[in-house]
Amino acid sequence: ITGSLLFCPHCGTLLDLPKMNEDTVTCDQCGHLEPSSSYNDIKIVTRSHPDAFPSVLRQKRKTQTQTSGDALLRVKEKCPACG
């Protein structure tokens with residue numbers, strides 16, 4: 001049962017896990033009684049985007065700044081406000 005999620009079919013609230021020897025779980029929001037047997041044989045599948053848990057090495061590579069030649073950028077253009 002650990003890690004199983006079950007939502008109330010009436011209001012969508014996340015239901016608590018059934019306690020030992022409890023035949024039903026009561027929805028805290030609407031009072032719906034869900035049979036504890038609803039938690040039997042639940043298959044949970046989770047997926048994460050590759051960027052959800054970035055590795056330190058990958059994060060370092062993304063934030064590393066590369067400079068080549070002059071680090072300062074020079075532009076030859078007159079300021080339109082003051083010339």
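## A patch of negative charge

On the surface of this predicted model, a patch of negative charge is formed where Asp-16, Glu-22, Asp-23 and Asp-28 gather. One of these residues, Asp-28, is found in the loop that runs between E1 and strand E2 (33-35), and Asp-28 is exposed there, with a relative accessible area of 67%.

## A nonpolar patch

The surface also carries a nonpolar patch of about 390 Å², to which Leu-5, Phe-7, Leu-14 and Ile-44 contribute. Among them, Leu-5 belongs to the segment that comes before strand E1 (24-26), and with a relative accessible area of 49% Leu-5 is partly exposed.

## Cysteines without disulfides

A disulfide is a covalent bond that links the sulfur atoms of two cysteines. The number of disulfides in this structure is zero, and two cysteines, Cys-30 and Cys-79, help to show how the sulfur atoms are placed in the model.

For Cys-30, the closest cysteine sulfur is that of Cys-8, at 3.6 Å, and because a disulfide is counted for sulfur atoms within 2.5 Å, this separation is too far for a bond. Cys-30 itself is partly exposed, its relative accessible area being 41%.

The sulfur of Cys-79 has its closest cysteine sulfur in Cys-82, at a distance of 3.6 Å, which is likewise too far for a bond. Cys-79 is partly exposed, with a relative accessible area of 35%.

Technical notes. Residues are numbered from 1 along each chain as its sequence is written. This is a predicted model: local features need pLDDT of at least 70, side-chain atom pairs count only at pLDDT 80 or more; totals for chains, interfaces and linings use all residues. Side-chain values use heavy atoms; hydrogens and water are left out. Patches are made of residues with over 30% relative accessible area and no salt bridge: like charges are joined within 9 Å, nonpolar side chains (Val, Leu, Ile, Met, Phe, Trp, Tyr) within 5 Å. Accessible areas come from the Shrake-Rupley method with a 1.4 Å probe; for residues, only the protein chains shown count as cover. A salt bridge is a side-chain nitrogen of Lys or Arg within 4 Å of a carboxyl oxygen of Asp or Glu. Helices (H or I, at least four residues) and strands (E, at least two) are DSSP runs, numbered from the N terminus. Buried means under 20% relative accessible area, exposed over 50%, partly exposed in between (1.4 Å probe, protein chains only). Lys and Arg count as positive and Asp and Glu as negative; His and the chain ends are not counted. The place of a charge is taken as NZ of Lys, CZ of Arg, CG of Asp or CD of Glu.
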